[in-house]
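Work through the exercises below with the structure open. Each task is followed by a solution in steps.

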Amino acid sequence: MRDGEAAAGLDELEQQFASWFARLGLRHFEAHEVLGPVLEDGRRKWPMPEPLHWDNAIAPLIVLDALREELGEPVVIIAGNRTEEYNAALKGSSPVSQHLAFRAFDFYTRQKVRAYELLLAWQGRIFEAPVEIMPAQRLLSDGKTFVPYKSLQLWDQRGGESTVFRYAGGVGIYPWGLHADSRGYRAKWDFR
């Protein structure tokens, strides 16, 4: 494949990602922020996530969007998807990093400590999502019953019921910023 063909394919994939991303209805993020900065040679700083991993990013992105709202200031994503090679080259990075499956984001905000405390407090909090999230659950109209999504169809926004998930993930704080992921269980670390 020639360089031009590869670039055209990437552009098409980025357009597909932008369409997928628009379904999320996030108020404070745009697709290009999630995909990372473009370098001088036209490549993205981070690798384009595989389409089969895109849905893994839904929960952490919804949580980061809520965090941006709560803080009233920008939450700047500084790392998203990683290749195995790049991940292995990072000092202290886990060989099973959530970044490898596009399930984690590193970010910066001026209110770093408050953001860390909020994310820890939000463990177990119910968030609404406009799309199916596995292994998410759906809150039925009785307001008490959670049903695994495997047994339900996609939420229809016109249907009036909410698709929800309980946030359970890794939350970390570093001198340079923070980390949030949706690993499915609670984890925390403090490397300030």
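**Exercise 1. Determine how far helix α3 is covered, and describe its geometry.**

Step 1. In this predicted model, 12 of the 14 residues of α3 are buried, so the helix is mostly covered.

Step 2. The buried residues are Ile58, Ala59, Pro60, Leu61, Ile62, Val63, Leu64, Asp65, Ala66, Leu67, Arg68 and Leu71.

Step 3. From its first C-alpha to its last, α3 reaches 20 Å, close to the 20 Å expected at 1.5 Å a residue.

Step 4. Glycine 72 follows α3 and has a positive phi, near 70°.

**Exercise 2. Identify the largest nonpolar core and the elements that supply it.**

Step 1. The largest nonpolar core has 40 residues. Those with the most contacts inside this core are Phe17, Phe21, Leu61, Leu67 and Trp122.

Step 2. Elements that each supply at least two residues of the core include the helices α1 (3-22), α2 (31-35), α3 (58-71) and α5 (112-121). The strands β2 (104-108), β3 (126-129), β7 (170-173) and β8 (178-181) do so as well.

Step 3. The largest share, 9 residues, comes from α3.

Step 4. Not counting residues up to four places away in sequence, tryptophan 122 touches Val63, Ala66, Leu67, Glu70, Phe127 and Tyr167.

Step 5. As background, nonpolar side chains tend to be buried together in soluble globular proteins.

**Exercise 3. Place histidine 28: is this residue buried, partly exposed or exposed, and what does histidine 28 touch?**

Step 1. Histidine 28 lies in the loop between α1 and α2.

Step 2. The relative accessibility of histidine 28 is 26%, and because buried means under 20% and exposed over 50%, this residue counts as partly exposed.

Step 3. Leaving out residues up to four places away in sequence, histidine 28 touches Glu33, Asp65, Arg68 and Glu69. With glutamate 69 there is a side-chain to side-chain polar contact at 2.4 Å.

Step 4. Histidine 28 and proline 74 are 46 residues apart along the chain, and their C-alpha atoms are separated by 8.2 Å.

**Exercise 4. Find where the prediction is most and least confident.**

Step 1. The chain averages a pLDDT of 81, and 78% of the residues score at least 70.

Step 2. Confidence is highest in α5, at 98, and lowest in strand β4 (residues 137-139), at a mean of 46.

Step 3. The pLDDT is below 50 over residues 134-140, a stretch with 32 contacts in the model beyond near neighbours in sequence. Residues 146-161 are also below 50, and this stretch has 39 such contacts.

Step 4. Where pLDDT is low, the predicted coordinates should not be read in detail.

Notes
Residues are numbered from 1 along each chain as its sequence is written. This is a predicted model: local features need pLDDT of at least 70, side-chain atom pairs count only at pLDDT 80 or more; totals for chains, interfaces and linings use all residues. Side-chain values use heavy atoms; hydrogens and water are left out. A nonpolar core is a set of buried Ala, Val, Leu, Ile, Met, Phe, Trp, Tyr and Cys residues joined through side-chain atoms within 4.5 Å. Buried means under 20% relative accessible area, exposed over 50%, partly exposed in between (1.4 Å probe, protein chains only). Helices (H or I, at least four residues) and strands (E, at least two) are DSSP runs, numbered from the N terminus. Contact means heavy atoms within 4.5 Å. pLDDT is the predictor's confidence in each residue, from 0 to 100. The expected span of a helix is 1.5 Å times one less than its number of residues. A polar contact is a pair of N or O atoms within 3.5 Å; within protein, one must be able to donate a hydrogen and the other to accept it, and residues adjacent in sequence count only if both atoms are side-chain atoms.
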